[in-house]
Amino acid sequence: GVAETLRRLSGQGISLAIATNERRNNLDVLLPALGIAGYFAMTLCEDEVRETKPAPEMLRRIMDRLGTQPWRTLMAGDSHLDIRMGKAAGCMTCGVAYGTRSADALRAQHPTGMVHRFADLTRFLRPDAAGCGPSGRGR
């Protein structure tokens with residue numbers, strides 16, 4: 001349900017971005033191969049910044065380019081580095097428990113919320129949602 005969820009979020013006017021410790025040449029092959037490259041307003045890779053995760057540089061650059069603020073940004077990720085980066089940038093965070101790390105390892109970082117399926121991210125990003133998403137504060 002990843003492509004469908006990305007399509008739905010994008011259709012709601014939510015700007016989507018990727019901040020990854022992957023190298024640019026790998027990401028530029030991966031996203032088109034998965035058929036999801038067109039959903040992202042911006043991508044930023046580890047070989048394009050001075051400081052990689054968990055430093056907040058990637059997320060701050062994305063927010064600057066997309067013209068948004070930390071209180072309007074949700075950093076979702078499957079690694080403790082993602083949660084730490086989001087917190088360092090002053091953003092809400094969401095642990096994605098089906099990825100490379102265990103749910104317990106993510107919970108130990110005290111994210112704002114947790115999901116166990118990618119599609120569950122929509123509940124944090126809907127304009128009428130309650131909880132950890134930027135609902136009620138714009139996108």
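Let's begin with the overall layout: the protein has six helices and five strands. Please keep in mind throughout that this is a predicted model. Followed along the sequence, the elements come in the order α-β-α-β-α-β-α-β-α-β-α. Of the 139 residues in the protein, 45% are buried. The accessible surface comes to about 7200 Å², and carbon and sulfur atoms account for 48% of it. As for how the chain meets itself, take the contacts with a separation of 6 or more: 44% of them join residues 24 or more positions apart.

A good place to enter the fold is the pairing of its early strands. Strand 1 (residues 17-20) runs parallel to strand 2 (residues 42-45), and four bridges link the two. Between these strands the chain passes through helix 2 (residues 24-34), giving a β-α-β crossover that is right-handed. If you would like one bridge to look for on screen, find Ala-17, whose partner in strand 2 is Met-42.

Now step back to helix 1 (residues 2-11). Its residues Thr-5, Leu-6 and Leu-9 are buried. These three lie on the same side of helix 1, because they cover an arc of only 100° around the axis. What do the buried residues of helix 1 pack against? Their partner is helix 6 (122-125). After helix 1 comes Gly-13, with a positive phi near 85°.

Helix 3 (residues 57-66) is worth a visit too. Its buried residues are Glu-57, Met-58, Leu-59, Ile-62 and Met-63. The elements that cover them include strand 1, strand 2, strand 3 (74-77) and helix 4 (80-88). Just after helix 3 there is again a glycine, Gly-67, and its phi is positive at about 70°.

With those elements in place, we can turn to the interior. The largest nonpolar core has 19 residues, and those that touch the most other members are Leu-6, Leu-16, Leu-31, Phe-40, Leu-74, Cys-94 and Val-115. At least two residues of this core come from each of helix 1, helix 2, strand 4 (92-96) and helix 6. Strand 4 makes the largest contribution, with three residues. Phe-40 is a helpful residue to centre your view on: setting aside neighbours within four places in sequence, it contacts Leu-6, Leu-16, Ala-17, Ile-18 and Leu-31. Apart from this core lies another one of twelve residues, including Val-49, Leu-59, Ile-62 and Ala-89. Two of these names, Leu-59 and Ile-62, you have already met among the buried residues of helix 3.

Finally, let's look at the backbone in two loops. Most residues other than glycine have a negative phi, and most peptide bonds are trans. Against that background, which peptide bond is cis, with omega near 10°? It is the one from Lys-53 to Pro-54. Pro-54 sits in the loop that joins strand 2 to helix 3. The other spot to check is His-110, a residue other than glycine whose phi is positive, near 55°. You will find His-110 in the loop between helix 5 (103-107) and strand 5 (113-115). Is His-110 buried or exposed? With a relative accessibility of 59%, His-110 counts as exposed, since the cut-off for that class is over 50%.

Terms used:
Residues numbered from 1 in each chain as written. Predicted model: local features only at pLDDT ≥ 70, side-chain atom pairs only at ≥ 80, totals over all residues. Heavy atoms only, no water. Buried < 20%, exposed > 50% of the residue type's maximum accessible area, 1.4 Å probe, protein only. Contact = heavy atoms within 4.5 Å. Areas by Shrake-Rupley, 256 points an atom, 1.4 Å probe, with all protein chains shown as cover. Pairing = 2+ DSSP bridges. Right-handed = clockwise from strand over helix to strand, strands pointing away. Arc of directions from axis to C-beta. Core = buried A, V, L, I, M, F, W, Y, C linked by side-chain atoms within 4.5 Å.
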